[in-house]
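The following exercises are to be worked with the sequence and the model in view. Each task sentence is followed by a solution in steps.

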Amino acid sequence: MLPPNPAPRTPSPHARIPHHRNPGTAIQHLASRLRRLPPSCGPVRLIGVDGHAGSGKSTFAGRLAHALGDAPVLHLDDIASHDELFGWTGRLGGQVIEPFGRGEQARYTPYDWHTRRFRAPRALPPAPVVLVEGVGAGRRALRPHLAHLLWMELPEEESWARGRSRDGEEQRDFWDGWVVAERRHFADDPSRPFADLLVRQGQQGYEVLSGPAEAS
């Protein structure tokens with residue numbers, strides 16, 4: 001179980017971010033916005049980047065982290081495993097959320113998807129902004145600890161097709177099982193309705209729009 005967080009998420013005073021065709025410009029505006037948020041997990045502004053598998057979360061999170069001065073990125077692929085595609089909340093809470101809540105450095109054990117084993121612990125500093133990227137980053141157990149939740153706005157079928165193409169034929173069986181698991185997860189614990197911002201990737205850049213949480 002993730003520990004309780006006494007500080008509720010505080011909405012941003014800005015209703016939306018201006019649209020820019022240049023991905024760097026849009027991301028710089030977003031980075032500036034995120035820096036101004038109050039801490040949500042100890043001294044950390046924990047930012048969730050959620051969306052369907054294959055929707056571009058990792059690429060976007062990497063660009064956003066660079067705009068934030070190389071902010072740390074925690075990939076949920078390192079927290080999940082073959083046996084726990086979505087049953088990783090306890091591990092995330094104990095290894096990351098609880099130490100951050102105390103203002104301490106986190107240490108998590110990344111999972112190796114090839115050897116099916118957890119590797120040596122990896123340090124994760126309590127930086128001013130830390131990105132948590134992966135399917136389920138906006139799940140209900142994690143949301144109270146997030147300063148902001150971003151959702152990659154790409155339909156599930158298009159996302160999964162991109163992911164299958166990226167991973168190749170050798171991962172076909174895994175993807176067949178993953179699609180079933182992801183559908184089940186989001187049916188029980190949807191993230192998009194609670195997103196502060198929606199991120200759309202176009203041919204020339206990103207658009208960052210107000211999400212359902214800000215519209216409500």
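**Exercise 1.** State which residues Gln95 touches, not counting residues up to four places away in sequence, and decide whether Gln95 is buried or exposed.

*Solution.* Gln95 touches Ala106, Arg107, Tyr108 and Thr109 when residues up to four places away in sequence are not counted; a contact requires heavy atoms within 4.5 Å. The model is a predicted one, in which local features need pLDDT of at least 70 and side-chain atom pairs count only at pLDDT 80 or more, while totals for chains, interfaces and linings use all residues. Residues are numbered from 1 along each chain as its sequence is written, and side-chain values use heavy atoms, with hydrogens and water left out.

Next, Gln95 is placed in helix 3, which covers residues 89-101; helices (H or I, at least four residues) and strands (E, at least two) are DSSP runs numbered from the N terminus. The relative accessible area of Gln95 is 19%, so this residue is buried (buried is under 20%, exposed over 50%, partly exposed in between, with a 1.4 Å probe and protein chains only).

**Exercise 2.** Describe the overall make-up of the protein: how many helices and strands are there, and what share of the residues is buried?

*Solution.* The protein has six helices and ten strands. Of its 216 residues, 49% are buried. Turning to contacts between residues at least 6 apart in sequence, 70% of them join residues at least 24 apart.

One pair of residues distant in sequence is Leu37 and His148: they are separated by 111 residues along the chain, yet their C-alpha atoms are 8.3 Å apart. Leu37 belongs to the loop between helix 1 (23-35) and strand 1. With a relative accessible area of 5%, Leu37 counts as buried.

**Exercise 3.** Determine how strand 7 is covered and which way strand 1 runs relative to it.

*Solution.* Strand 7 spans residues 129-133, and five of its five residues are buried. On one side these are Val129, Leu131 and Glu133, and on the other Val130 and Val132, which leaves both faces covered.

For the pairing (at least two DSSP bridges between two strands), strand 1 runs parallel to strand 7 and is joined to it by five bridges. Within this pair, Arg45 lies opposite Val129. Strand 2 (residues 73-75) also pairs with strand 7 in the parallel sense, over three bridges, and there Val73 has Leu131 as its bridge partner.

**Exercise 4.** Find the direction of the pairing between strand 9 and strand 10, and what connects the two strands.

*Solution.* Strand 9 (residues 197-201) and strand 10 (residues 206-210) run antiparallel and are joined by five bridges. Leu197 has Ser210 of strand 10 as its bridge partner. The connection is a hairpin that passes through four residues.

**Exercise 5.** Test whether the span of helix 5 agrees or disagrees with its number of residues, and identify what covers its buried residues.

*Solution.* The expected span of a helix is 1.5 Å times one less than its number of residues. Helix 5 has 17 residues and should therefore span 24 Å; its end C-alpha atoms are 25 Å apart, in agreement.

The buried residues of helix 5 are Trp175, Trp178, Val179, Ala181, Glu182, His185 and Phe186. Among the elements that cover them are strand 1 (45-50), strand 8 (148-152) and helix 4.
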